[in-house]
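Subject: A structure for you to look at

Hello,

I am passing on a structure that I have been looking through, and I hope you enjoy exploring it. Please open it first and then read my notes alongside.

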Amino acid sequence: MVDTVERSTRVAAPGTPVPRRRRRPRRELLPYLLLAPAILFELLIHIVPMGVGVFISLLHLTQFNLHDWRHAPFAGTGNYRVALNFDQAAGKALLHSFWVTFAYTALVLAISWLFGMAGAVFTQHTFRGRGLVRTAFLIPYALPMFAAVITWNFMLQRDTGAVNHILVDDLHLMHSRPFWLIGPNSFVSLVLVAVWRNWPFAFLIITAGLQSIRADLYEAAAIDGAGVIGQIRYVTLPMLRPVNRVLILVLFLWTFNDFTTPYTLFGKSAPHAADLISIHIYQSSFVTWNFGVGSAMSVLLLGFLLLVTGIYLSAFRARSDDYA
Amino acid sequence: MREPTWFRWTRRIGLAVLLAFTLLPVYVMLTTSLKPLRDVQSSFRWWPSRPTVRPFFDMWHTIPLARYFVNSLIVSCLASVASVLVALVAAYAVSRYRFRGRQVFSIVVLSTQMFPGILFLLPLYVIFVDIGNSTGITLYGSRVGLIITYLTFTLPFAIWMLIGYLDSIPRELDEAAKVDGNGPMGAFIRVVIPAAVPGVVAVLIYAFMTAWGEVLFASVLTDDSTRTLAVGLQGYATQNNVYWNQVMAASLIVSIPVAVGFLVLQRYLVAGMTAGSIK
């Protein structure tokens, strides 16, 4: 009814403001109704568990009192002190795991970005087969991660794998077959697999970013005497800055939280050299059953990620103000 | 500008190296799935000694692959459809209405995307067990629990992408539909959703792929009867004396549906993903 009235008013005099007072309450309820399912699921799966996680980090919780976790003895900051006491085994292991994760993230991020940049610049101008090359580059990203990592697991087997076959039998770079999935080499394997998996994402985003750079910028640079390197340095890289900013943050968060790669490659307990933080926490929660300390470590991890993200974003906000 | 010779060769060599690196595992997966067992139990060979499709038949008996497959299929399909529905209405509200809490909602939802999954894992486990004990609704170890978990994981990105998509649909379309006598929901269903189909499909594929490949939560929240492919196949591949030809055949089979979907629809996905970063 109201709709009909409003419609006729509008048709009659398009410029006149329609009296809305009667409609407003109903109107304002609707967006909340539309959001209700999303809010419900976010609460159940994200927000409440996060609160519970922080709560558990303050408890002495093991497999013996897990069934009655709400009445577990209160530990205060005890779990945090265990996790951060770097003189003792648990703290030492966490610190080691943090550095492994840090090195892993830095390497994967740098190499993936470099590969993505190279792939994008090399396919920027048309050539025969470019579409095929681009599609091939996206395959690692399109495969389910676990299937791809299982394939790498096979390739990295010492006696039956392709990697040792290439290195030892085909290229004769090594005399004996190294182990890739245990010992110090497991870190190399982890980085290799993660780069394989992540660089296509960098490629995808940078390629899309390149398409928004106007051709006349390159022409102007060429007239000013810039060669290929000069054009990349003075046109491509500065123009990609906003894209890179987001890309690097996203890659950082993914890599730092990565669980699927180490878990699928090594199973429940990762080798010491490849003990990434997520698998480390997983292990202290679900293999050694110390849930309180595991939760404390998760909270510390979240705090660290929030801190880094905050600094990163505010640093760029400050810098982009200069341009504006 | 003409391409200098040195750059042309750098480009060709660079592309060749990247292609080899990218395609090597795909090649290994393909050829190994056609190898007889003895080929994968000795030193690696580039080509099957005698190509065979036996692994594609044997793999169903070595591990309960069919059960994993059905579980993954049910969980991924339902989670992705539900995620799109929930995200679509939420995105419509954010895109078309100005209301109190709009900003807060967007920020909170987006920021949950960056939280480490490991933080939610144990709490979710105890919450699911508690809900089971107090209400009798089985979430732990059941497909329902996994479905609502995955649907929520994909919500932030799905909502964000659909807001971008709906924003690009001119408001005049809604207005025209309302002039034709539709209420706000009528306009949404008859006009906005049909115009948003590419975005909806992209989000559907994204959500399906996420659920299909998720490992962390599936490893804890499922039991033997509800185990998904990602965990089941991994569990088998890290045992001793693995039949790698069958594992590669299985990996190939589980990859094809998602890979084809992704490569066909990558355009939409890219458009959605980059919209936010370029703006």
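Below is what I found, starting with each chain and ending with how they meet. Please keep in mind that this is a predicted model.

**The two chains**

Chain A has 14 helices and zero strands, so you can expect one helix symbol after another when you read along its sequence: α-α-α-α-α-α-α-α-α-α-α-α-α-α. Of its 324 residues, 38% count as buried. Among the contacts in chain A with a separation of 6 or more, 62% join residues 24 or more positions apart.

Chain B comes to 13 helices, again with zero strands. Its 279 residues include 48% that are buried. For chain B, residues 24 or more positions apart make up 73% of the contacts with a separation of 6 or more. Its C-alpha atoms fill a box of roughly 70 × 70 × 35 Å along the principal axes.

**A helix worth a look in chain B**

Try finding helix α7 of chain B, residues 143–167. How far apart should its ends be? At 1.5 Å a residue, its 25 residues should span 36 Å, and the end C-alpha atoms are 34 Å apart, which agrees. This helix also has a kink of about 45° at B:Leu155, shortly before the proline B:Pro156. Is α7(B) mostly covered or mostly open? It is mostly covered, with 22 of its 25 residues buried.

**Where the chains meet**

How many residues of each chain are in contact with the other? The count is 81 residues in chain A and 79 in chain B. On the chain A side, helix α2 (residues 24–56) gives the most, with 17 residues. That side of chain A is made up of 55 nonpolar, 21 polar and five charged residues.

One helix pair is a good place to zoom in. Helix α6 of chain A (residues 145–155) packs against helix α1 of chain B (residues 5–32) at an angle of about 80°, with the axes 10 Å apart. That angle makes α6(A) roughly perpendicular to α1(B). From α6(A), the contact uses A:Ala148, A:Thr151, A:Trp152, A:Phe154 and A:Met155, while α1(B) brings B:Pro25, B:Val28, B:Met29 and B:Thr32. Seven of these residues are nonpolar, two are polar and none is charged.

Happy exploring, and best wishes!

Terms used
Residues numbered from 1 in each chain as written. Chains lettered and ligands numbered in written order. Predicted model: local features only at pLDDT ≥ 70, side-chain atom pairs only at ≥ 80, totals over all residues. Contact = placed C-beta atoms within 7 Å. Helix = DSSP H or I, 4+ residues; strand = E, 2+ residues; numbered from the N terminus. Nonpolar A, V, L, I, M, F, W, Y, C, P; charged D, E, K, R; others polar. Axes fitted to C-alpha atoms, helices over the stretch in contact; angles between N-to-C directions. Parallel < 35°, antiparallel > 145°, perpendicular 65-115°, else oblique. Expected span 1.5 Å × (residues − 1). Bend = angle between axes of the 7 residues up to and from the residue. Buried ≥ 20, exposed ≤ 12 C-beta atoms within 10 Å, placed from the backbone.
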